[in-house]
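Student: Hey, could you walk me through this one? I've never looked at it before.

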Amino acid sequence: YRAKNGGGGRYCMFSDELANEHQRKVDTEAALSEAVQRGEFVLALQPQLSLATGEINGAEALLRWNHPKDGLRMPATFIPIAEQTGIISEIGDWVIAEVASMLAEAQARGVMRRIAFNVSPRQLDRADFFQRLRATFSDAGVPLSMVELEFTETAAMECSESVLEEISALRRDGAFVAIDDFGTGYSNLARLRAMPLDRVKLDPSLIADIETSEKARIVVQAVIQLIKGVGAEIVAEAVESVGQADILRAMGCETVQGYVFAQPMFEQEFLSWTSNADRHSRSVA
Ligand code: C2E
Ligand code: MG
Ligand code: MG
Ligand code: MG
């Protein structure tokens with residue numbers, strides 16, 4: 001049995017721990033189906049900054065679950081279960097509606113350029129996904145140019161022709177499209193070239209040791225060249241040190257997202273953080 005959290009390695013869990021783990025999964029499954037109705041989800045926003053100017057380009061919306069018993073639960077503890085059961089579709093609809101309402105408010109106040117959100121491949125199983133997404137933003141009066149959809153590398157490579165056409169149409173209407181966790185899935189390079197695509201987010205594992213490993217730097221530089229070659233921008237995720245940011249900037253990476261600049265924050269904290277943007281800009285550029 002491989003431990004999901006912690007320092008890695010394998011160890012055997014005692015059977016009561018296994019039973020607890022199983023019970024937790026069963027509890028989560030049952031609770032997830034009611035959590036949307038009960039309003040237990042909340043989005044955190046993590047700023048994305050331009051490495052050249054330090055400006056805030058936008059933010060990624062990251063789901064948190066205010067669990068009645070466990071407190072705040074992170075996506076890793078429930079997204080996989082939500083995907084297995086298909087409940088991710090309802091949760092995803094809530095995420096899109098919440099992003100639309102945050103953007104509607106932000107637009108009225110003239111703050112915030114764009115919000116990116118994660119789309120699970122299971123959400124695309126519903127034929128009317130794109131139609132409903134469009135309706136949600138247009139009902140909220142939010143232009144698609146304030147919206148960015150993130151698909152994981154594997155999901156992007158596996159989606160059908162008709163989904164690709166829908167994604168292309170969204171982009172024509174102003175939306176941004178990103179591939180998430182690039183470098184952990186498998187990419188068909190012909191497909192990558194043809195993908196309707198604005199940005200690629202490098203997986204944290206690619207950049208983790210660029211400060212100490214020359215091999216890591218060579219790989220990242222090659223990946224950046226490849227991505228730019230297909231006309232997309234680079235976003236580096238989970239940037240934890242100024243040293244990493246400096247190397248990435250020198251390599252031509254446009255945007256960073258990471259604890260070194262800002263953690264994911266709830267809406268109010270995010271808004272006050274962005275209103276102090278000048279101070280933060282200077283710390284990046
Ligand atoms: P992701 O989309 O790749 O999101 C980036 C993750 O990296 C987030 O974890 C973020 O908090 C974390 N992160 C950001 N900066 C740093 C850093 O400097 N260091 C480190 N170590 N981590 C950093 P989080 O919020 O726990 O989300 C984990 C994953 O859960 C996301 O990975 C995404 O795949 C999934 N997820 C989150 N929200 C949603 C959602 O609304 N829908 C779906 N389908 N999946 C979601
Ligand atoms: Mg609100
Ligand atoms: Mg993401
Ligand atoms: Mg990612």
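**Metals, pocket and ligand**

Tutor: Sure. Going along the sequence, the donor residues of the magnesium ion (ligand 3) follow the spacing E-x57-N-x31-E-x29-D. Keep in mind that this is a predicted model.

Student: Which residues coordinate the magnesium ion (ligand 3)?

Tutor: Glu-60 (OE), Asn-118 (OD1), Glu-150 (OE) and Asp-180 (OD) do, at 2.0 to 2.2 Å. Two of them link distant parts of the chain: Glu-60 sits in strand β2 and Asn-118 in strand β4 (residues 115-118), 58 residues apart.

Student: Glu-60, is that buried or exposed?

Tutor: Glu-60 counts as buried, because its relative accessibility is 2% and the cut-off for buried is under 20%. Asn-118 is partly exposed, with a relative accessible area of 33%.

Student: And what are the protein donors of the magnesium ion (ligand 4)?

Tutor: Asp-180 (OD), Asp-181 (OD) and Glu-237 (OE), lying 2.0 to 2.3 Å from that ion. Their spacing in sequence reads D-D-x55-E.

Student: Hang on, how far apart are the magnesium ion (ligand 3) and the magnesium ion (ligand 4)?

Tutor: They lie 4.3 Å apart, and Asp-180 bridges them. That means Asp-180 coordinates both ions.

Student: What about accessibility for Asp-180 and its neighbour? Buried or exposed?

Tutor: Asp-180 has 6% relative accessibility, so it counts as buried. Asp-181 comes out at 25%, so that residue counts as partly exposed.

Student: OK, new topic. How much space lies in the largest pocket?

Tutor: About 1,000 Å³. Its lining is made of 36 residues, and those nearest the centre are Glu-60, Leu-62, Pro-75, Asn-118 and Asp-180. You've already met some of those as metal donors: Glu-60, Asn-118 and Asp-180 coordinate the magnesium ion (ligand 3).

Student: Which elements supply at least two residues of that pocket's lining?

Tutor: On the strand side, β1 (41-50), β2 (56-67), β5 (147-152) and β6 (176-182) each supply at least two. The helices α2 (79-85), α3 (88-109) and α5 (153-158) do so too. The largest share, five residues, comes from β2.

Student: What's the lining of the largest pocket like by class?

Tutor: It has 20 nonpolar residues, nine polar ones and seven charged ones.

Student: And ligand 1? How many residues surround it?

Tutor: There are 22 around ligand 1, and the closest are Arg-64, Asn-118, Asp-180, Glu-240 and Tyr-259. Asn-118 and Asp-180 turn up again here, having appeared as donors of the magnesium ion (ligand 3).

Student: What lies 2.5 Å from a nitrogen atom of ligand 1?

Tutor: A polar side-chain atom of Glu-240. On the backbone side, an N or O atom of Tyr-259 is 2.7 Å from an oxygen atom of ligand 1. Val-239 also has a backbone N or O atom 3.5 Å from an oxygen atom of ligand 1.

Student: Since you mentioned Glu-240, how far apart are Ala-208 and Glu-240?

Tutor: In space they are 8.5 Å apart, C-alpha to C-alpha, while in sequence they are 32 residues apart. Ala-208 is found in the loop between α8 (204-207) and α9 (214-229). With 53% relative accessibility, Ala-208 counts as exposed, because the cut-off for exposed is over 50%.

Student: Where is Ser-241, then?

Tutor: Ser-241 is in the loop between β8 (233-237) and α10 (242-250). Unlike the loop residue Ala-208, which counts as exposed, Ser-241 counts as buried at 18% relative accessibility. Its side chain makes a polar contact of 2.8 Å with the side chain of Glu-211.

Student: Last one. How many cavities of 30 Å³ or more does a search of the whole structure find?

Tutor: One. The largest cavity has a volume of about 40 Å³. Met-102, Glu-105, Ala-106, Arg-109, Val-111, Met-112, Glu-267 and Leu-271 line it. The elements that give two or more residues to that lining are α3 and α11 (267-275).

Student: Which of those gives the most?

Tutor: α3, with four residues. By class, the lining of the largest cavity has five nonpolar residues, three charged ones and no polar ones.

Terms used: Residues numbered from 1 in each chain as written. Chains lettered and ligands numbered in written order. Predicted model: local features only at pLDDT ≥ 70, side-chain atom pairs only at ≥ 80, totals over all residues. Heavy atoms only, no water. 1 Å grid on protein atoms, 1.4 Å probe; cavity = no way out; pocket = protein on both sides within 12 Å on 5 of 7 lines; lining within 4 Å. Points joined across faces, edges and corners; volume = space filled by probe spheres on them. Nonpolar A, V, L, I, M, F, W, Y, C, P; charged D, E, K, R; others polar. Donors = N, O, S within 2.8 Å, 3.2 Å for Na, K, Ca; no water. Buried < 20%, exposed > 50% of the residue type's maximum accessible area, 1.4 Å probe, protein only. Near = heavy atom within 4 Å. Polar contact = N/O pair within 3.5 Å; in protein donor to acceptor, adjacent residues only side chain to side chain.
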